[in-house]
Amino acid sequence: MFTGIIEELGEVTAWEPSVDAARITVRAPLAVSDARHGDSISVSGVCLTVVDQGPDWFTADVMAESIAMSTFSDMAAGQRVNIERAALVGDRLGGHIVQGHVDGTAAITSIEDGSAWRVVRFSLTPDVAPLVARKGSIAVDGVSLTVSAVGPDWFEVSLIPETLAATVLGSKIVGDSVNIETDILARHVERMLSLEGRLTR
């Protein structure tokens, strides 16, 4: 479980794909400072499990489902990624509850800079669109954000300078894709509504 508050920018040092999976190695000194084998670390919103580590790096296995559902399909060595360690019980929940189970990807369709913020619009696929609400929470590349506006097939977020500087979102341009994870409550409500007829029988 994560909160969507990014702790550091990591760098992918190795991406080793196999037939139906991959192994990733990320340089992330803070994340490994207290990491143990089996710990969970969010890499740009994707929850991964530490299988090996060194003084400033960790390695994790990435299964085919995670690759297919995320921007990891285009992963390469040298890429910067958002890093967050799993939340501790008793920590302040500065963002929102993030599982690290992405719903898919979204492409940036427009960027508008304000005096002290940046408004970014993303596309939404038909299956994910019902789960995104204005003023609701969404994780973009693992970053906890508030939806500032939403339409039938798009949503917008407003990014403050700190977010632009401390995460990979500051370097994104129109056309880039990001990982998105919708609010867990929205997922459960959608599931309940889809089964409403069966549950009332």
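# Reading loops, a barrel and a buried charge

Ser 70 lies in the loop between helix H2 (64-69) and strand S6 (80-85), in a model that is predicted.

Me: Is Ser 70 buried or exposed, and which residues does Ser 70 touch?

Reply: A residue counts as buried when its relative accessible area is under 20%. Ser 70 has 3% relative accessibility and therefore counts as buried. Leaving aside residues up to four places away in sequence, Ser 70 touches Val 46, Val 102, Thr 105 and Asn 179.

Me: What should I look for in the phi angle of a residue such as Ser 44?

Reply: Most residues other than glycine have a negative phi. Ser 44, which is not a glycine, has a positive phi, near 50°, and its place is in the loop between strand S3 (40-43) and strand S4 (46-53). Lys 135 is not a glycine either and has a positive phi of about 70°; this residue is found in the loop between strand S8 (118-123) and strand S9 (137-140).

Me: Which of the words buried and exposed applies to Ser 44, and which to Lys 135?

Reply: The cut-offs are under 20% for buried and over 50% for exposed. Ser 44 has a relative accessible area of 5%, so Ser 44 is buried, whereas Lys 135, at 55% relative accessibility, counts as exposed.

Me: In what order do the strands of the barrel follow one another?

Reply: To read a barrel, one goes from each strand to its paired neighbour until the sheet closes. Here 6 strands close into a barrel in the order S7-S8-S11-S10-S9-S12, and the pairing is antiparallel. Neighbouring strands of this sheet are turned by 45° against each other on average, with direction ignored. One of the pairings joins S9 to strand S12 (residues 177-182) through 3 bridges, the two strands running antiparallel, and in S12 the bridge partner of Ile 138 is Thr 182.

Me: Where is Glu 181, and what is the nearest side chain of opposite charge?

Reply: Glu 181 has its place in strand S12. Glu 181 is buried yet has no salt bridge, and the nearest side chain of opposite charge, that of Arg 187, is 4.0 Å away.

Me: Which backbone atom does the side chain of Glu 181 reach, and which residues does Glu 181 touch?

Reply: The side chain of Glu 181 reaches the backbone nitrogen of Gly 100 at 2.8 Å. Not counting residues up to four places away in sequence, the residues that Glu 181 touches include Gly 45, Val 98, Gly 100, Val 102, Ile 138 and Arg 187.

Definitions and conventions
Residues numbered from 1 in each chain as written. Predicted model: local features only at pLDDT ≥ 70, side-chain atom pairs only at ≥ 80, totals over all residues. Heavy atoms only, no water. Helix = DSSP H or I, 4+ residues; strand = E, 2+ residues; numbered from the N terminus. Buried < 20%, exposed > 50% of the residue type's maximum accessible area, 1.4 Å probe, protein only. Contact = heavy atoms within 4.5 Å. Pairing = 2+ DSSP bridges. Axes fitted to C-alpha atoms, helices over the stretch in contact; angles between N-to-C directions. Lys, Arg positive; Asp, Glu negative; His and termini not counted. Polar contact = N/O pair within 3.5 Å; in protein donor to acceptor, adjacent residues only side chain to side chain.
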